[in-house]
Amino acid sequence: MENTTICHACGRTMDGAFRYCPWCGKASADTGAVAEQMDRVFERLAVMQREDAYARFDRMELALGCLERELSQMVAVTRSA
Ligand SMILES: [Zn+2]
């Protein structure tokens, strides 16, 4: 087995000459399929980064809300003093 490849769909090794994976039946990875797979990975990464940014905004908004409340309390204290 000098020419083996890994199935891009199921991850199992197969003969590099096979055009279809004997385990899951998917076409073996050619450059087009790999590029497509990479595109999907990067797409998912972009979504994850966007979600992370939204989560950060939420935390910032929460922190700003707390700060605003503390500031108004401070203002109320200094006014009553
Ligand atoms: Zn497979």
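Q: Why does Y20 count as exposed in this predicted model?
A: Y20 has 12 C-beta neighbours inside 10 Å. A residue is called exposed at 12 or fewer, so Y20 counts as exposed. As for its place in the chain, Y20 is found in the loop between β2 (13–15) and α1 (31–80).

Q: What makes G25, K26, A27 and S28 contacts of Y20?
A: Contact requires C-beta atoms, placed from the backbone, within 7 Å. Y20 touches G25, K26, A27 and S28 once residues up to four places away in sequence are not counted. At the other extreme, the C-alpha atoms of Y20 and A81 are separated by 81 Å, with their positions 61 residues apart along the chain.

Q: Why is S28 called partly exposed?
A: S28 has 18 other C-beta atoms within 10 Å. Buried would take 20 or more, and exposed would take 12 or fewer. The value of 18 lies in between, so S28 is partly exposed. Like Y20, S28 is found in the loop between β2 and α1.

Q: Which residues is S28 in contact with, leaving aside its neighbours within four places in sequence?
A: S28 is in contact with T5, C7, F18, R19, Y20 and C21. For C7, we can add a C-alpha separation from S28 of 6.2 Å, although the two are 21 residues apart along the chain.

Q: Why does T4 count as exposed?
A: T4 has 11 C-beta neighbours inside 10 Å. With the limit for exposed set at 12 or fewer, T4 therefore counts as exposed. T4 lies in strand β1 (residues 4–6).

Q: How do you know that T4 and D15 come together in space?
A: Their C-alpha atoms are 4.5 Å apart, while the two residues are eleven apart in sequence. D15 is also one of the contacts of T4, along with T13, M14 and G16, when neighbours within four places in sequence are left aside.

Q: What makes the pattern of the protein chain β-β-α?
A: The chain has one helix and two strands, and reading along the sequence gives β-β-α.

Q: How do you know that the protein chain is not a compact globule?
A: A compact globule of 81 residues would have a radius of gyration near 12 Å, but this chain has 27 Å. Its C-alpha atoms fill a box of roughly 85 × 20 × 20 Å along the principal axes. Buried residues make up 2% of the 81 residues. Among contacts with a separation of 6 or more, 8% are between residues 24 or more positions apart.

Note on methods:
Residues numbered from 1 in each chain as written. Predicted model: local features only at pLDDT ≥ 70, side-chain atom pairs only at ≥ 80, totals over all residues. Helix = DSSP H or I, 4+ residues; strand = E, 2+ residues; numbered from the N terminus. Rg over C-alpha atoms; globule rule 2.2 N^0.38 Å. Contact = placed C-beta atoms within 7 Å.
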